[in-house]
Every structure is written in structure tokens, then in C-alpha cells.
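This report describes a protein structure for a reader who is new to the subject. Please look at the sequence and the model before reading on.

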Amino acid sequence: MPRVTPLDRIRNIGIMAHIDAGKTTTTERILYYTGRTYKLGEVHDGTATMDWMEQEQERGITITSAATTAFWPRRGEPHRINIIDTPGHVDFTVEVERSLRVLDGAITVLDAVGGVEPQTETVWRQADRYHVPRIIFVNKMDRVGADFEMCVKMVRERLGGNVVPIHLPLGSGELFTGIIDLVRQVEIVYDDESLGKKYVEGPVPAALKEKVAEMRHHLLESVVLHKYLEEHELSEDEIRTVLRKATISGKVVPVLAGAAFKNKGVQALLDAVVDYLPSPLDVPAIQGHLPHHDATHAVRHPSDEEPFSALAFKIMTDPYVGKLTFFRVYSGMLAAGSYIYNSTKDKKERIGRLLQMHANKREEIEEVRAGDIAAAIGLKDTKTGDTLCDEGHPIILEAMKFPEPVISVAIEPKTKADQDKLSIALQKLSEEDPTFRVHSDAETAQTIISGMGELHLEIIVERMRREFKVDANVGRPQVAYRETVRKRVEDVEGKFIRQTGGRGQYGHVVINMEPGQPGTGFVFEDNIVGGAIPREYIGPVEQGVKEALENGVLAGYPMVDVKVELVDGSYHDVDSSEMAFKIAGSMAVKEAARQAHAVLLEPIMDVEVVTPADYMGDVIGDLSSRRGKIGGMTQRADAQVVAASVPLSEMFGYSTTLRSMSQGRAIYSMQFSHYQEVPKQKAEEIVSKVKG
């Protein structure tokens, strides 16, 4: 079967924005216009927008399906636009990261009144890190106080982007009627009666001719100098070609204007997506390595002829069809019903059905090809970040790195009826979110949930209430402390002897203990010579040592980076047993840890605060008061970036403090860096709290 849409006519894009800039409305309007074009008039005129929303409710598909496909004709050719949902909330670093990982380009939506808001800065910086080309859509031009020029200026100053307006809005607020396209030099006025479906194109009004000429000159100077300065008039197509090149290479960012809610400017935005954002052919080929050969590089080019490779980037639980695995295909083809190799897990799985979220409906498809984004039903073991590929040509694409959770809370169902629902909800949520973990505390029999921060866990609990109808009580946040030892101790004994009537218990071991290399966890060495302890008891000794280390000696936290050598011991022909040696090993290690100067370790976070220069002093002072070490300060556009390492226990409630300190203009992100010894006084407080 030939390919339906050639690769150069595919766009994989995301829409990024600060909350309330109009991301959902923009997406919905894109689907409305493209759905209409694709179905050629099946949607009845007039109330089609409402129509769309009704269908959405009927089918239970929200606009935030992880990926939605729409078609848009440009110069007589249908182009396929896959829109990947990027979340509004930046606390979920994993969400933004995984969306950007599979995108080729992005639309940044700004509110014409608010301009660049704190969260816009965050997503913009993340897109910078992934080198994602983007265009800006200044939305809500119909609001009172909308100011296009202020937005352009703010992007230049705050984000440091080389922005080039390609539209000039006609009026603003109530008087906003349309736009002037600077490339084509035409005026476009939208018709309110037909919800913006109809629009009239005409020449540039005389009053604006000078302004348009000046802006167009600036546009041309930004993308191409020599040809223009040689008095050669560029054609529209030439301008588009050079502007496209400059956008894809990240040299410029085109800026458009519109009002999605009033249906103005959306068609022009779709044209710009096709004209200026990259197709899978315009981005570098995906890199990976061969399984079991970390050093051997492998490359997959975007082509149907290459072996199949894809990356699973999101798992969603759907009320109708169960678990949906969204994936981006980088090369090759895959048919529904066929087997696929998960090279990350070294497992074969069968793809049941393949689904395309198609504008506002679901469509079952027979196959996927290079450049496609689709969802599969039936992949039980595939998780976010796994590579799916052809078993004959295995490759592991660079996985997404997920930080370890560093904060935990105990959670329990409010009523008996919530008990079963709670475990189902937690299992599904941990499948969807790789940074959210669930485990049971063996001692207290409590269910403990762990995540990336206070807000992360708050939202998880809120989702359980809304989506899974589970009410739960949540404990206070707990930091994941660890313990270790600081010096070597030798010949520490552990003796377990019970003589009762009949058969007794006898286990006796001698161990050495020393600090291990950071990151090694626990190392056990068997140095028994001459049969002082029979072979069959060595395993139980190791087991006993391991279990004792899991519950530490200071405050019950797991002990890490410790090396234990078993050097001697004795046994009794009749009374020795596996159990006795396990207990002896446990006793010896607890005694050794006490002698080896056990210390408490705490998670240290890498914190990055992006703040306007005015608040710099306050930010640094506050971080220092939280036992933070300032690592460096750099200038990024007009903002100052403060890098610091701060203990997690001191970061609770930081977002509120930072917001009030900077009038909501500073933003921060944090991720786990390493474990470090807790200062003596602080450690005593923690230990007495645990023991008290």
C-alpha cells in the first residue's frame, strides 16, 4: 500500500503555553477548521463549533489526547499535522520533557495582554534545550488591553528570541478585525457571521502602507541580507524558503497574531505551521545504540525503507479501550496485529489495534509508517521511554531519563469501599507517570506514594478523586533520607545462640565493614577460608546483612554505599541452621554500623531559579537561608539564572515564597542531584523525631 502522506508533508508539533493563554481553544479551533476541510462540508454550517464540543463530550475524548491528527491543504496539497499535547503545568518536568522529545516543531501561544508569563519562560527554555524550532501565536488580540508590539518586545527581552513578526494585527480589543500578511502584503478581514470561516482578502489600507513596508523590510533583513540589499525584489516563495530555513535552524522565530476564541487568524496559523515548521525530513536522523553494546552507535533515518524503530512516549488509561501506548515512529513500517520487539525490556509483544486520534474522532488504522504518531492497544509491558523496533535489526533509542522520586507521603483510603479502588487507581497512575512510585511499608503496612515534589503528589491525589472517584487521607510529606558509614571496622562478631530443651539454634559470624564507593549501594564479599562456616550458610548470612541494612541503625533509613566482608565464624553440627546464621549476620552488621560511625544522608536538589535582576538579592539570600550553596549566576536574555544546590527538606513551600518574593515573575525548577551528609545538629533533630 503506498504512503498516504509523503514525509515532507507531515508536521509533528506541540502547542506550548502558560496556563490560560488559550492553548486548548487554539487546539480546538485547529481541529474544527481542519476537520471541516477534511470532511468537506459534512459538518452543518453555523453551529459547527458547538457541534464539535458535543461530539467531544459524547465520545469522552478530551482535546488533550496525547496526540491528535488533522489535515490541512496548502497550495493544493493536503498536509498532515500531528499535534502532541504538551501539559500546561511545568511541575511535571517529565510531561514537558517527553513531549519535547518526540516533537519536531512547536507553537508558543502568548496572551496578547499578559505577554511572556513565568511559565512561558519555562517551556521556552526547555524547548531551547531540545533545539525545537518554533513559531509564536499572539492570541486573544480581541481582549481589552491587547498589545501586539508589547508582546514582541517582551519576547526579545525576556526570552532572547530573534523574533520576526510576519503579521500585523488590524486593530485590537473590540476593534480587532483581522491581520495583514507581511509576506504576501495582503489584508485579511474575518467575517464574524460565519465564525471566521469566511474571510476577505484585499490590498493593504493606505494608512498602514508605510508601517507594513517598514515591518517587511525588517523581516527581510532578519532572514536574508545580501540578495535584498542588491535591490533584487524577492518573490513570495523565495521569502518563504529563506524564512523556513532560518526558522528550522533556530535563527529566527516568526510571530503571528489572532484571536482563537473569535475564530480569527487560525487558518493563517495553520499555513505558517506548514510553511515554516520542520517535517521529519528536516530534523537530524535519530541516534541510538545496539542492545548490550552501549558504545556501538546506530542511526535510523526517517524512511519507510529502514528497519522499524519507535519510541513510546506516553501511557494513558482510557475508560473505553484500556491502556493506550502512544508512540512516535522514527523509521520503517508496522502493521496492526503484528509482533514487535521491545529492545529496552528485551521482550516481544503483540500489537492488538492501532489507533489514530483523528481531529475529533478515533480511527482504527492498519499500519503506521516513519514520521507517524499513533496509539497502540495491547502492549502490556511497554512503559514510557521504551524503544519498539524490528527484532532482526534491534536498536535502543536514547531513553528519556526520569529522576528518582525524592518525597513521599503515606496514603490510606477514607472508607472500606475505597480500599480496592485505591490500589487500582495507584497502579494506573504509576503506569502513566514514570516519576510517580507506589510501595508498601513492611513495618507499618502503610501505602507510601513518592513523587517529584509537593505539587506533583497533590495533583495525583486530586486526579484520584476526580478520575477514579477515590477519597483518601494523605500524611505529611517525608524526605527520603539514607544512612551510610564513615570508617572501617574489623572483626565484629554476631552470635545467635539459643539452647532450649531439644534442638537449639547456633550461628556465629565475624565481619569487617567499610564505606563503599558512592553509588555502589551494598557490596558483600565472602572471604571465608578453611570451612569455618559451611557453604550453605553463606547465602543466609548475606540475606541477614542485607535486611539489616535496609532498616539502618540511626533512624531506620536504608543504608547505602557499604561494603561488608564475611571473614570468620563457627558452627554447630546439630544446632546450626540457615535461620540462625541469617540472624547472626543481621546482629553483626548492626553492631558494626554502630562502631563504624553511621551518619545520615539527605537528598540534595539542583535548583535553578530564573528571576528578573531586581529580585536577585532576595532570591540568593533566601536560598542561603535554606542551607543552599550558590553554584553560579548567569545572564539569560534579560533574566538572571541562579544555580544552587539545596537540601530537599528545606524546599517545602518554596514555590509560594518565590512567587510572593518576585511578584510571580521568577520561576524555578529542581531535580535530584546527589546524597550528602546531614549536618550534626540537624541529624540529631531527625533521629530524635524518628525515635520520639
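The protein chain contains 16 helices and 38 strands. Helices (H or I, at least four residues) and strands (E, at least two) are DSSP runs, numbered from the N terminus. The model is predicted: local features need pLDDT of at least 70, side-chain atom pairs count only at pLDDT 80 or more, and totals for chains, interfaces and linings use all residues. Residues are numbered from 1 along each chain as its sequence is written, and side-chain values use heavy atoms, with hydrogens and water left out.

## The chain as a whole

Of the 692 residues in the protein chain, 53% are buried. Buried means under 20% relative accessible area, exposed means over 50%, and partly exposed lies in between (1.4 Å probe, protein chains only). The protein chain exposes about 31,400 Å², and carbon and sulfur atoms supply 51% of this area. Accessible areas come from the Shrake-Rupley method with a 1.4 Å probe; for residues, only the protein chains shown count as cover. Among contacts with a separation of 6 or more in the protein chain, 73% are between residues 24 or more positions apart. Contact means heavy atoms within 4.5 Å.

## A mixed sheet with two helices

An open sheet of 4 strands runs in the order β31-β32-β34-β33, and its pairing is mixed. Its edge strands, β31 (489-498) and β33 (522-526), each pair on one side only. Two strands pair if DSSP finds at least two bridges between them. On average, neighbouring strands of this sheet are turned by 25 degrees against each other, direction ignored.

Inside the sheet, strand β32 (residues 505-515) pairs with strand β34 (residues 562-570) in the antiparallel sense over 8 bridges. Ile-511 stands opposite Leu-566 in β34.

Helix α12 (residues 538-550) packs on the sheet and touches β32, β33 and β34; its direction makes about 155 degrees with that of β33. Helix α13 (residues 578-595) also packs on the sheet, touching β31, β32 and β34, and its direction makes about 35 degrees with that of β32. Axes are lines fitted to C-alpha atoms, for helices over the stretch in contact, and angles run from 0 to 180 degrees between N-to-C directions.

Ser-586 lies in helix α13. Ser-586 is buried, with a relative accessible area of 17%. Not counting residues up to four places away in sequence, Ser-586 touches Gly-544, Val-545 and Ala-548.

## An antiparallel sheet

Another open sheet has 4 strands in the order β7-β8-β9-β10, with antiparallel pairing. The edge strands here are β7 (167-170) and β10 (199-202), each of which pairs on one side only. From one strand to the next, the twist averages 25 degrees. Strand β8 (residues 178-181) and strand β9 (residues 186-190) pair in the antiparallel sense over 4 bridges. Asp-181 has Val-186 in β9 as its bridge partner.

## Two crossing helices

Two packed helices are described by the angle between their axes and the distance between the axes. The axes of helix α8 (residues 236-248) and helix α9 (residues 266-276) come within 9 Å and cross at roughly 75 degrees. Helices α8 and α9 are therefore roughly perpendicular to each other. Angles under 35 degrees count as roughly parallel, over 145 as roughly antiparallel, 65 to 115 as roughly perpendicular and the rest as oblique.

In this contact, Arg-240, Leu-243, Arg-244, Thr-247 and Ile-248 in α8 meet Val-274, Asp-275 and Tyr-276 in α9. These residues divide into 4 nonpolar, 1 polar and 3 charged. Ala, Val, Leu, Ile, Met, Phe, Trp, Tyr, Cys and Pro count as nonpolar, Asp, Glu, Lys and Arg as charged, and the others, Gly among them, as polar.

## Single residues

Leu-311 lies in strand β14 (residues 309-318). Leu-311 counts as buried because its relative accessibility is 0%. The C-alpha atoms of Leu-311 and Thr-384 are separated by 8.2 Å, although the two are 73 residues apart along the chain. Not counting residues up to four places away in sequence, the residues that Leu-311 touches include Arg-101, Phe-326, Tyr-330, Asp-386 and Met-400.

Two residues have a positive phi although they are not glycines. The table sets them side by side.

| Residue | Phi | Place | Relative accessible area |
|---|---|---|---|
| Asn-263 | about 60 degrees | loop between β11 (253-257) and α9 | 4%, buried |
| Asp-491 | about 55 degrees | strand β31 | 55%, exposed |
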